[in-house]
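Please open the model in your viewer, colour it by secondary structure, and keep the sequence panel at hand. The tour below moves from one selection to the next and says what to look for at each stop.

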Amino acid sequence: ATRTFAFSGVQGANSGSGNSSRDAITYDKATINTGEVLNLETGVFTASQRGIYALSISFFPRKQVSNPYFHGFIYKNGASVYHLLDRNSDGNGHNFAYFWMESLEA
């Protein structure tokens, strides 16, 4: 049987997560979290069923004086699979969004 999973994590504007190049993005709350597949404290999504998943991330990067652009990574089973780079995140109103599809096992 096919099941639908949905999750949406929200991080407050003043949250401290994601301030350094080694921080994982964590979430303050989930507006939806079918089957509790998103761990808010770690930011980790765990597939509970084998399938092809459509995933996305979007955010507004904060301006950083020492590093005027955003770069981050998406990990799958502990290994980096995507490098995200935005050279326009200089605090001028640019949003960042990325969409991908991924084959996942339970």
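In which strand is the place of M101? Select M101 and follow the backbone on either side, bearing in mind that this is a predicted model: M101 lies in strand 8, which covers residues 96-104. M101 counts as exposed because its relative accessibility is 52%, and the cut-off for exposed is over 50%.

Now add I52 and F99 to the selection and switch on a surface display. Together with M101, I52 and F99 make a nonpolar surface patch of about 370 Å².

Before going further, zoom out to the whole chain. The protein has eight strands and zero helices, so that, by the way these elements are assigned, the order from the N terminus reads β-β-β-β-β-β-β-β. Of its 106 residues, 22% count as buried, and the accessible surface comes to about 7,600 Å², with 49% of that belonging to carbon and sulfur atoms. Among contacts in the protein with a separation of 6 or more, 51% are accounted for by residues 24 or more positions apart.

For an example of two residues that are distant in sequence, select S56, which is found in strand 5, residues 51-59, and then F99. These residues are 43 apart along the chain, yet their C-alpha atoms are separated by 4.2 Å. Once neighbours within four places in sequence are left aside, S56 is in contact with Y98, F99 and W100. Is S56 buried or exposed? S56 counts as exposed, because its relative accessibility of 55% is over the 50% cut-off.

Next, hide the surface and select F45, Y53 and L84. These are the residues with the most contacts inside the largest nonpolar core, which has 14 residues. Strand 5, strand 6 (70-76) and strand 8 are the elements that give two or more residues to this core, and strand 5 provides the largest share, with four residues. As a general point, nonpolar side chains in soluble globular proteins tend to be buried together.

Finish by centring the view on L84 and displaying the residues around it. Which residues does L84 touch, if those up to four places away in sequence are not counted? L84 touches F70, H71, G72 and I74, as well as I57, F96 and Y98. Of these partners, Y98 has already appeared on this tour, as one of the residues in contact with S56.

Note on methods. Residues numbered from 1 in each chain as written. Predicted model: local features only at pLDDT ≥ 70, side-chain atom pairs only at ≥ 80, totals over all residues. Heavy atoms only, no water. Buried < 20%, exposed > 50% of the residue type's maximum accessible area, 1.4 Å probe, protein only. Contact = heavy atoms within 4.5 Å. Areas by Shrake-Rupley, 256 points an atom, 1.4 Å probe, with all protein chains shown as cover. Core = buried A, V, L, I, M, F, W, Y, C linked by side-chain atoms within 4.5 Å. Patch = residues over 30% accessible without salt bridge, like charges linked within 9 Å, V, L, I, M, F, W, Y side chains within 5 Å. Salt bridge = Lys/Arg side-chain N within 4 Å of Asp/Glu carboxyl O.
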